[in-house]
Amino acid sequence: MTNKYLIACGGHGRVVLDALTSNGQKIDGIIDAQLKIGSLIFGVPIVGDDEFIKTLDPKNTELVNGLGSTGDTTMRQEIYVHWTNLGFKFVGVQHSSADIGAECSIDDSAQVMAGAVLQNRVRVGKNVVINTRASVDHDVLIADHVVISPGAIISGGVKIGHGAFIGAGAVIIQGLEIGNNCVIGAGAVVRHNVTNATTVVGNPATQLE
């Protein structure tokens with residue numbers, strides 16, 4: 001029998017937990033050092049911190065990454081990499097209201113939240129978040145550890161690099177490449193390729209000095 005635990009249950013974690021339970025999935029406990037052991041969130045108990053995970057058998061345990069991001073995806077990546085290296089498997093969720101097109105490839109650890117739309121042949125990597133009502137058009141490639149915030153619009157043929165953060169309501173024009181670890185500010189309209197580790201804001205989006 002496999003048990004499933006959510007790591008971190010702040011705002012994003014509760015959204016993930018809600019999506020999981022609404023899909024009928026059983027969550028055995030929540031791992032969060034900031035919350036009181038024995039208290040409940042949506043009926044699921046807080047069971048401890050990282051020390052609790054160390055008592056678990058990776059062969060019989062699945063983890064869910066509940067940590068969100070407001071511009072820096074590093075901590076989400078670190079959680080995923082640390083526990084994966086210790087043999088644990090992360091699983092994601094696809095909300096029942098998400099609209100997934102034909103021939104999409106979505107890693108098992110990715111999270112596709114309520115109202116998100118993925119058109120055909122979208123590829124989604126490990127530990128990715130596609131948040132509420134984000135729109136991802138055809139043939140988009142999303143590398144590992146990317147976070148796409150609520151309401152973002154990703155046009156067809158875009159490539160988004162490892163660890164990038166796409167802010168709420170941002171728009172990325174078709175066919176562009178967003179480099180690794182980039183930050184696209186909320187509401188930005190991106191009309192040109194963005195090089196690695198660059199932050200852009202505004203309309204049209206320009207590099208933040």
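Strands are DSSP runs of E spanning at least two residues, numbered from the N terminus. The views below show a predicted model.

**View 1. Phe-42 in the loop between strand 3 and strand 4**. Phe-42 has a positive phi of about 55 degrees, although Phe-42 is not a glycine. The hairpin of strand 3 and strand 4 has 2 residues between the strands. Strand 3 (residues 40-41) runs antiparallel to strand 4, and 2 bridges join them. Within this pairing, Leu-40 stands opposite Pro-45 of strand 4.

**View 2. Strand 2 beside strand 4**. Strand 4 (residues 44-48) is also joined by 2 bridges to strand 2 (residues 29-31). Here the two strands run parallel, in contrast to the antiparallel course of strand 3 and strand 4. The bridge partner of Ile-30 in strand 4 is Ile-46.

**View 3. The open sheet of 6 strands**. The strands follow the order 8-11-14-17-20-23, and their pairing is parallel. Strand 8 (99-100) and strand 23 (189-190) each have a single partner strand and stand at the edges, so one side of each is left without a neighbour in the sheet. At the strand 8 edge, 2 bridges in the parallel sense pair strand 8 with strand 11 (residues 117-118). Asp-99 stands opposite Val-117, a residue of strand 11.

**View 4. The surroundings of Ser-109**. Ser-109 lies in the loop that runs between strand 9 (105-106) and strand 10 (111-112). Ser-109 has a relative accessible area of 4% and is therefore buried, the limit being under 20%. The side chain of Ser-109 makes a polar contact of 2.6 Å with the side chain of Asp-107. A polar atom of the Ser-109 side chain also lies 2.9 Å from the backbone nitrogen of Asn-127. When neighbours within four places in sequence are set aside, the residues in contact with Ser-109 are Tyr-80, Phe-90, Val-91, Gly-92, Lys-126 and Asn-127. Asn-127 thus appears in this list of contacts as well as in the backbone approach to the Ser-109 side chain.

**View 5. Arg-133 in the loop between strand 13 and strand 14**. This loop links strand 13 (129-130) and strand 14 (135-136). Strand 14 is one of the strands of the open sheet shown in View 3. Arg-133 is not a glycine, yet its phi is positive, at about 60 degrees. With a relative accessibility of 63%, Arg-133 counts as exposed because this value is over 50%.

**View 6. The cis peptide bond between Asn-203 and Pro-204**. The omega angle of this bond is about -5 degrees. Pro-204 is placed in the loop between strand 24 (199-201) and strand 25 (206-207).

**View 7. The largest pocket and its lining**. The space in this pocket amounts to about 270 Å³. A total of 14 residues line the pocket, and those nearest its centre are Ile-7, Ala-8, Asp-50, Ile-79 and Trp-83. Helix 3 (residues 74-85) gives the most to the lining, contributing 5 residues. By residue class, the lining holds 8 nonpolar, 2 polar and 4 charged residues.

How values were computed:
Residues are numbered from 1 along each chain as its sequence is written. This is a predicted model: local features need pLDDT of at least 70, side-chain atom pairs count only at pLDDT 80 or more; totals for chains, interfaces and linings use all residues. Side-chain values use heavy atoms; hydrogens and water are left out. On a 1 Å grid over the protein atoms alone, a cavity is a set of points where a 1.4 Å probe fits but cannot get out, and a pocket is an open set with protein on both sides within 12 Å along at least five of seven lines; lining residues have an atom within 4 Å of a point. Grid points are joined across faces, edges and corners, and a volume is the space filled by probe spheres set on the points. Helices (H or I, at least four residues) and strands (E, at least two) are DSSP runs, numbered from the N terminus. Ala, Val, Leu, Ile, Met, Phe, Trp, Tyr, Cys and Pro count as nonpolar, Asp, Glu, Lys and Arg as charged, and the others, Gly among them, as polar. Buried means under 20% relative accessible area, exposed over 50%, partly exposed in between (1.4 Å probe, protein chains only). A polar contact is a pair of N or O atoms within 3.5 Å; within protein, one must be able to donate a hydrogen and the other to accept it, and residues adjacent in sequence count only if both atoms are side-chain atoms. Contact means heavy atoms within 4.5 Å. Two strands pair if DSSP finds at least two bridges between them.
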